[in-house]
Amino acid sequence: MLKVVNRLKPASRTLVFAACLVAVGACTPVFKNHGYIPPSDQLAEIKVGVDSRESVLETIGAPSSTGLVRDSGFYYVRSRVRHYGPKRPEVVSRELVAISFDQRGVVRNIERFGLEDGYVVVLDRRVTESAVTNRNFLSQLLGNIGNFNPANIPGATQ
């Protein structure tokens with residue numbers, strides 16, 4: 001191998017060296033962080049049974065999402081994803097802080113969850129059926145020839 005490299009011209013050696021650096025650099029993982037989790041010292045300032053929604057917003061800021069059922073809680077989520085070359089991105093860490101409120105808007109509970117606490121949630125898939133069946137784009141386009149009526153255009157005068 002060294003004999004082959006020694007026989008190359010200096011410009012070719014530089015090109016081979018640069019190609020090797022690019023190949024090695026492509027294999028390094030890239031990490032992306034998404035979301036926000038309030039620091040522990042700010043969470044410690046929130047008192048269960050005392051603080052309200054407004055005081056939580058003032059103390060730690062707006063949540064990334066809220067509860068769907070009558071604003072039952074605030075949810076702060078942070079994820080760290082590793083991208084490694086051509087492989088599928090992998091979630092390496094996920095944290096969730098859930099702050100729940102009672103009917104009066106007072107903090108009822110503060111919970112912290114990690115990726116190891118996660119459950120796979122099966123979502124119900126509701127899809128609206130379309131009226132188009134077994135027709136490709138071209139047959140749909142050509143099928144509309146003759147069905148155009150300029151009188152149906154809004155603002156058209158007769």
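## Starting at S79

Let's begin with one residue: S79 sits in strand β3, where a strand is a DSSP run of E with at least two residues and a helix is a run of H or I with at least four, each numbered from the N terminus. This is a predicted model, so local features need pLDDT of at least 70 and side-chain atom pairs count only at pLDDT 80 or more, while totals for chains, interfaces and linings use all residues. Residues are numbered from 1 along each chain as its sequence is written, and side-chain values use heavy atoms, with hydrogens and water left out.

Is S79 buried or exposed? S79 is buried, with a relative accessible area of 12%; buried means under 20%, exposed means over 50%, and partly exposed is in between, using a 1.4 Å probe and protein chains only. Leaving aside its neighbours within four places in sequence, S79 is in contact with K32, N33, H34, S93 and R94 (contact means heavy atoms within 4.5 Å). With R94 there is also a side-chain polar contact of 3.3 Å. That term covers a pair of N or O atoms within 3.5 Å; within protein, one must be able to donate a hydrogen and the other to accept it, and residues adjacent in sequence count only if both atoms are side-chain atoms.

## The chain as a whole

Stepping back, the chain has five helices and five strands. Read from the N terminus, they run α-α-β-α-α-β-β-β-β-α.

Of the chain's 158 residues, 16% count as buried. About 13,100 Å² is exposed, and carbon and sulfur atoms supply 58% of that; the areas come from the Shrake-Rupley method with a 1.4 Å probe, and for residues only the protein chains shown count as cover. Take the contacts between residues at least 6 apart in sequence, and 45% of them join residues at least 24 apart.

## The nonpolar core

Which residues make up the largest nonpolar core? There are eleven: I37, L43, I46, V56, I60, F74, Y76, V97, I99, F101 and V107. Two or more residues each come from α4 (53–60), β3 (73–83) and β4 (90–101), and β4 gives the most, with three. A core here is a set of buried Ala, Val, Leu, Ile, Met, Phe, Trp, Tyr and Cys residues joined through side-chain atoms within 4.5 Å.

Core member I37, setting aside neighbours within four places in sequence, is in contact with Y76, V77, R78, E95, L96, V97 and R112. Strand β4 also holds S100, which is buried at 15% relative accessible area. Beyond its neighbours within four places, S100 is in contact with S72, G73, V106, V107, R108 and N109.

## Salt bridges

The count of salt bridges comes to four, each being a side-chain nitrogen of Lys or Arg within 4 Å of a carboxyl oxygen of Asp or Glu. One of them pairs E95 with R112, whose closest N and O atoms are 3.2 Å apart. This pair links distant parts of the chain: E95 is in β4 and R112 in β5 (residues 107–114), 17 residues apart. E95 is partly exposed at 24%, and R112 is partly exposed at 41%. Salt bridges that share partners join R78, E95 and R112 into one network.

R82 and E90 form another, with closest N and O atoms 2.6 Å apart. R82 is partly exposed at 30%, as is E90 at 40%. D102 and R104 also meet in a salt bridge, 3.2 Å from N to O, and R104 is exposed, with a relative accessible area of 68%.
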